[in-house]
Structures are given as C-alpha cells and as structure tokens.
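Please examine the sequence and the three-dimensional structure shown below. The report that follows describes selected features of the model.

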Amino acid sequence: MTGLALAATAAPARRREKQPGRGWLLLPPVLVLLGFFGYPLVLVVLQSLESKTGEVGLSVWLDVLGSAEFRDAAWKTVALALGATAGCVVLGTFLALVIAFVPFPGARTLSRLVDTVLAFPSFLIALAFTFIYGSAGILGAGGFLYSPFGILLAEITFYTPFVMRPALAAFGQVSSAQMEVAASLGAKPGRVLRQVILPEALPSLASGACLTMLLAMNEFGIVLFLGAKDVTTLPMLVYGKGIVTFDFPQACVIAVVNVVFSLALYGTYRRLTKGGRRAAVDQA
C-alpha cells in the first residue's frame with residue numbers, strides 16, 4: 001500500500017517532467033501586460049524626469065514635492081481616504097452584524113441589494129446627493145454638499161458595501177457553537193461580540209478596510225462631480241496639471257506618487273487576504 005501511495009504521488013511529478021517547454025505559453029499574456037500596463041507606466045516615469053525645457057533630472061520632482069499645492073493635495077487625499085475608510089468600517093460592520101445575526105424579513109433581499117450597489121459607478125452617488133442635498137435639491141443643503149464633509153459622506157455611502165460584503169461572509173463562518181458556549185457561561189451579547197465574533201472576522205474587516213482605502217484614495221468621479229471648494233486630491237491635481245494647464249511633467253510626478261501609494265496599499269491588502277485564507281485553512 002505504501003508503494004502504491006508513493007507511486008500515485010510521484011505520477012503527477014513524472015507527468016510534469018514529461019511536458020517540458022510549456023513556459024512559452026505564458027509569453028503572450030506577459031507581453032500583453034507589459035504592452036498595456038508596463039510600457040505606459042515607464043513612459044510616465046520617464047516624462048516625470050524631463051522638464052519642459054528638455055532637461056533630464058530630478059528638478060521637476062523637487063519642484064512638485066516641495067510645493068505647498070502638492071502637500072495640501074496629498075494631505076487631503078489621505079485624510080479623506082482615512083475618514084471614508086473609518087466610516088465604512090463602522091457602518092459596514094454594523095449593517096453586516098444586523099443582517100447576519102438579527103433575523104428580520106427582507107434580510108436576504110437587503111444583502112442582494114448590497115451586491116447591486118457594487119456595480120454602480122461612483123458618479124451616480126454624487127448625482128443622487130445633488131438631487132437630495134444640492135442647492136435645488138429636496139433638502140437644499142447646498143453648502144454642506146460642496147464641502148469636504150459632503151465628499152466624505154458620498155464616499156462612505158458608495159464604499160460601505162466593499163466592507164459590508166466581506167464582513168457578511170466572515171460572520172457567516174462564525175461557529176454558532178462558540179457563541180452558545182460563551183452565552184451559557186454568562187457572557188453578555190456585547191462581550192460575545194467583542195471576544196468571539198469580531199476576532200473571527202478581523203482579517204476580513206482589515207482586508208475590506210484596505211480595499212476601501214485604496215479605492216477612496218484614487219476616487220476621482222465623486223470629487224470632480226461635486227466640485228467641492230478647496231478640495232483638491234491627488235487624482236484631481238493630476239487632472240488639473242495634465243488637462244487644464246498642460247504641465248505633463250508635473251502631472252506625471254503626481255501620478256507616479258499616487259501609483260506608489262496605491263501599490264503599497266494593494267500589497268497590504270494582499271498580505272491581509274492571504275493571512276485570512278491561511279487562517280481559514282488552519283482552522284479547517
């Protein structure tokens with residue numbers, strides 16, 4: 001029996017050894033990725049190193065990074081992303097808890113509506129807010145809408161499902177036996193929530209928060225559509241430099257910085273999701 005088991009495990013390895021030269025199949029997709037993503041990114045980086053006068057160096061980088069306009073845009077981008085992420089985590093976790101653990105009619109329908117919102121473009125939320133809070137809207141709170149708080153509220157409304165959906169999946173995997181045991185030992189609902197439910201869902205909540213922050217940091221449609229005064233984020237600054245003033249070197253510098261921020265957040269998101277999957281495998 002041991003010999004048969006070893007032969008069975010060695011057979012796939014032998015089959016793989018008998019099929020050499022299949023690496024060229026990866027060449028077409030790699031070339032497509034390099035052509036559509038790598039080459040434009042290289043052009044952007046090269047353009048950021050060349051000034052309007054044709055000089056190659058770091059002068060454009062020094063000018064942009066040292067400007068108050070860039071620092072203000074970077075600060076507002078990070079502040080809005082952090083605020084939207086915090087609001088989405090609180091609201092998304094609360095709604096997911098209600099749907100998962102509070103039985104009420106229409107809970108499944110509400111969960112499906114959340115999935116539908118994920119397919120909407122962000123400018124629809126800004127348009128809806130304009131009809132509700134705009135100067136000529138139902139509530140007529142135009143001053144509130146065209147402020148950082150209006151943008152923050154719109155982003156929280158749009159990105160909450162990105163936290164709510166993984167939270168619902170995580171809460172659905174929490175063992176009911178653990179909650180029953182904790183309740184039988186005298187733990188109140190708040191303690192069961194803190195010590196049993198939330199720790200189990202923490203990796204999913206963290207990955208949802210990272211994804212939300214990544215999307216909010218690169219949000220362009222809501223900020224552009226609402227046109228809030230004195231609110232210039234990094235994507236808006238790239239748009240202004242590249243399309244309005246035609247200062248392509250500075251626009252490329254800001255774009256590269258934004259890409260670096262996004263890649264760092266994406267790496268964190270991938271690390272968290274990988275940790276969550278590994279924990280699920282270990283529990284199984």
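In this predicted model, helix H5 gives the largest share of the lining of the second largest pocket, namely four residues. Two elements give two or more residues to that lining: helix H5 (107-117) and helix H8 (148-172). The lining is made up of Leu 95, Leu 110, Leu 113, Val 114, Val 117, Thr 160, Pro 161 and Met 164. By character, seven of these residues are nonpolar, one is polar and none is charged. The space in this second largest pocket amounts to about 150 Å³. As a general principle, rolling a probe the size of a water molecule over the atoms shows where empty space is left.

**Overall fold**

The protein chain contains 13 helices and zero strands. Its pattern along the sequence is accordingly written α-α-α-α-α-α-α-α-α-α-α-α-α. The chain has 284 residues, of which 32% count as buried.

**Two bent helices**

How far apart are the end C-alpha atoms of helix H2? Helix H2 (residues 27-48) has 22 residues and, at 1.5 Å a residue, should span 32 Å; the distance between its end C-alpha atoms is 30 Å, which agrees. H2 nevertheless has a bend of about 40° at Leu 34.

Helix H10 (residues 189-217) presents another case. A straight helix of 29 residues would span 42 Å at 1.5 Å a residue, but H10 spans only 36 Å between its end C-alpha atoms. A bend of about 55° occurs in H10 at Leu 202, and a proline, Pro 203, follows within four residues.

**Aromatic pairs**

The count of aromatic pairs in the model is six. In one of them, the ring centres of Phe 101 and Phe 171 are 5.7 Å apart and the planes meet at 55°; the pair is therefore tilted, as this angle lies neither under 30 degrees, which would count as stacked, nor over 60, which would count as edge-to-face. This pair links distant parts of the chain, with Phe 101 in helix H4 (residues 68-101) and Phe 171 in helix H8, 70 residues apart. The surroundings of the two residues can be described by their accessibility. Phe 101 is partly exposed, with a relative accessible area of 29%, whereas Phe 171 counts as buried at 2%.

Which kind of pair do the rings of Phe 158 and Tyr 159 form? Their centres are 4.9 Å apart and their planes stand at 75°, so the pair is edge-to-face. Phe 158 is buried, with a relative accessible area of 7%, and Tyr 159 is buried as well, with 4%. Ring pairs also bring in Phe 162, so that Phe 158, Tyr 159 and Phe 162 are linked into a cluster.

**Residues apart in sequence**

The table lists three pairs of residues with their separation along the chain and the distance between their C-alpha atoms.

| Residue pair | Separation in sequence | C-alpha to C-alpha distance |
|---|---|---|
| Val 181 and Val 192 | eleven residues | 9.8 Å |
| Leu 145 and Gly 134 | eleven residues | 6.4 Å |
| Ala 86 and Ile 156 | 70 residues | 8.7 Å |

One residue of each pair may be described further. Val 181 lies in helix H9 (residues 176-184) and, at 47% relative accessibility, counts as partly exposed. Leu 145 belongs to helix H7 (residues 142-145); its relative accessibility is 0%, and Leu 145 therefore counts as buried. Ala 86 is found in helix H4 and counts as partly exposed at 43% relative accessibility.

**An unusual backbone angle**

Where does Phe 246 lie? Phe 246 is located in the loop between helix H12 (234-244) and helix H13 (248-283). Although Phe 246 is not a glycine, it has a positive phi of about 60°. Is Phe 246 buried or exposed? At 55% relative accessibility, Phe 246 counts as exposed, because the term applies to values over 50%.

Notes:
Residues numbered from 1 in each chain as written. Predicted model: local features only at pLDDT ≥ 70, side-chain atom pairs only at ≥ 80, totals over all residues. Heavy atoms only, no water. 1 Å grid on protein atoms, 1.4 Å probe; cavity = no way out; pocket = protein on both sides within 12 Å on 5 of 7 lines; lining within 4 Å. Points joined across faces, edges and corners; volume = space filled by probe spheres on them. Nonpolar A, V, L, I, M, F, W, Y, C, P; charged D, E, K, R; others polar. Expected span 1.5 Å × (residues − 1). Bend = angle between axes of the 7 residues up to and from the residue. Phe/Tyr/Trp six-rings, centres within 6.5 Å; stacked < 30°, edge-to-face > 60°. Buried < 20%, exposed > 50% of the residue type's maximum accessible area, 1.4 Å probe, protein only.
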